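Grab a pencil and work through these short exercises with the model open beside you. Each one has a task and then a solution in steps.

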Amino acid sequence: MRLSRVLLAVPAAALVAALPLLAFPGPASAAESVQVALLDLNTTGASGTAVLAATDAGDLKISIRSTGMTPNAPHAQHIHGSAAGMDFHCPTRAADKDGNGYVSTEEGLPDYGDIFISLTTTGDTTKASGLAVDRMPMADAQGNLTYERTIAAAELPAGTIQHLKDLHVVQHGIDANRNGRYDLEALGESTFAKSVGVNGIPEEATDPATCGMVTGAAAGSIPAGGVDTGDGSTVPVNDRSGLYLMLGGLGIAAAAVTTVVSRRRPAVVR
Ligand SMILES: [Cu+2]
């Protein structure tokens with residue numbers, strides 16, 4: 001039985017108690033392990049650390065610990081980029097094309113590239129699960145988010161381990177007006193969701209919170225392909241179908257978030 005399955009099976013209180021011990025067990029015998037500093041992308045105070053460790057069997061173990069995340073809220077998180085080309089990177093504030101003070105999902109896409117792996121807690125990890133927030137990690141009442149999962153080699157996109165350097169981690173979901181939830185008050189509807197015809201999704205739920213690039217000597221290959229020009233041409237329209245599906249899922253999940261939160265809160269507070 002995999003560790004992740006075991007974790008899901010234990011009581012929530014025990015899980016919370018065990019997480020500090022389990023979050024960063026170290027690279028051990030990993031063939032390759034890289035640490036990623038997750039930096040605050042939208043000045044919300046969120047930050048964190050991710051460790052991507054390739055096992056001898058070619059699996060990828062991902063460990064993430066973040067703070068300053070929207071409390072009691074799900075955070076869609078992904079490995080963005082490509083193993084086939086383009087030197088994607090985390091966006092800077094210059095990516096805020098509409099000047100609303102926040103880099104949105106679609107404003108960041110030309111920089112950080114499309115979803116490469118969805119860092120869900122269970123089940124599918126492809127782009128199709130990019131905004132399956134019912135399977136994304138929840139931040140606790142203090143805004144701490146801990147995530148641990150090993151994705152089997154067979155489930156990884158081709159070239160993942162060899163191209164770790166071309167990839168980076170993005171966590172989504174911000175609370176711009178710090179009222180403790182995703183809503184429409186601060187930033188209105190998600191412009192990205194609206195651009196694909198989905199209305200009513202809070203911008204706060206989709207805006208990226210943190211981004212971290214894989215760096216260092218053990219980070220795999222030299223980036224393949226050319227440097228992204230930032231004009232969006234590296235994100236073909238037909239590649240956004242997955243995101244569209246995810247946003248549909250987010251719409252459903254957004255309605256369920258309040259229920260989920262109220263159900264989880266007692267376990268978290270305790
Ligand atoms: Cu993402």
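Before you start: a donor is an N, O or S atom within 2.8 Å of the metal, and water is not among the atoms, so a site may look incomplete. Keep in mind, too, that this is a predicted model.

**Exercise 1. The copper site**

Task: Work out which residues coordinate the copper ion, and through which atoms.

Solution:
- Start at the metal. The copper ion is held by His78 through ND1, His80 through NE2 and His172 through NE2, at 2.0 Å.
- Now read the donors along the chain: their spacing is H-x1-H-x91-H.
- Next, place the pair His80 and His172. His80 sits in strand β4 (residues 77–81) and His172 in strand β7 (residues 167–172), so the pair, 92 residues apart, links distant parts of the chain.
- Last, check burial, with the cut-off at under 20% relative accessible area. His80 is buried because its relative accessibility is 1%, and His172 is buried too, at 3%.

**Exercise 2. Three strands in a row**

Task: Trace how strand β2 (residues 47–54) pairs with β1 and β3, and decide whether β2 is largely enclosed or not.

Solution:
- Take β1 (residues 32–40) to begin with. This strand runs antiparallel to β2, over seven bridges, and Ala37 stands opposite Thr49 in β2.
- Look at the hairpin of β1 and β2: six residues lie between the strands, and Thr43 has a positive phi near 50°.
- Go to the other partner. β2 and β3 (residues 60–67) are also antiparallel, over eight bridges, with Gly48 bridged to Ser66 in β3.
- In the hairpin of β2 and β3 there are five residues between the strands, and here Gly58 takes the positive phi, near 90°.
- Now the verdict: six of the eight residues of β2 are buried, so the strand is largely enclosed by the rest of the structure.

**Exercise 3. Two loop residues**

Task: For Lys127 and Ala158, say whether each is buried or exposed, and find what each one contacts.

Solution:
- Lys127 belongs to the loop between β5 (115–118) and β6 (145–151). At 18% relative accessibility, Lys127 counts as buried because the cut-off is under 20%.
- Follow the Lys127 side chain: it makes a polar contact with the side chain of Asp114, at 3.1 Å.
- Ala158 is in the loop between β6 and β7. With 73% relative accessibility, Ala158 is exposed, since exposed means over 50%.
- Leaving out residues up to four places away in sequence, Ala158 touches Ala83 and Phe116. The C-alpha atoms of Ala158 and Ala83 are 7.5 Å apart, though 75 residues separate them along the chain.

Methods. Residues numbered from 1 in each chain as written. Predicted model: local features only at pLDDT ≥ 70, side-chain atom pairs only at ≥ 80, totals over all residues. Heavy atoms only, no water. Donors = N, O, S within 2.8 Å, 3.2 Å for Na, K, Ca; no water. Helix = DSSP H or I, 4+ residues; strand = E, 2+ residues; numbered from the N terminus. Buried < 20%, exposed > 50% of the residue type's maximum accessible area, 1.4 Å probe, protein only. Pairing = 2+ DSSP bridges. Polar contact = N/O pair within 3.5 Å; in protein donor to acceptor, adjacent residues only side chain to side chain. Contact = heavy atoms within 4.5 Å.
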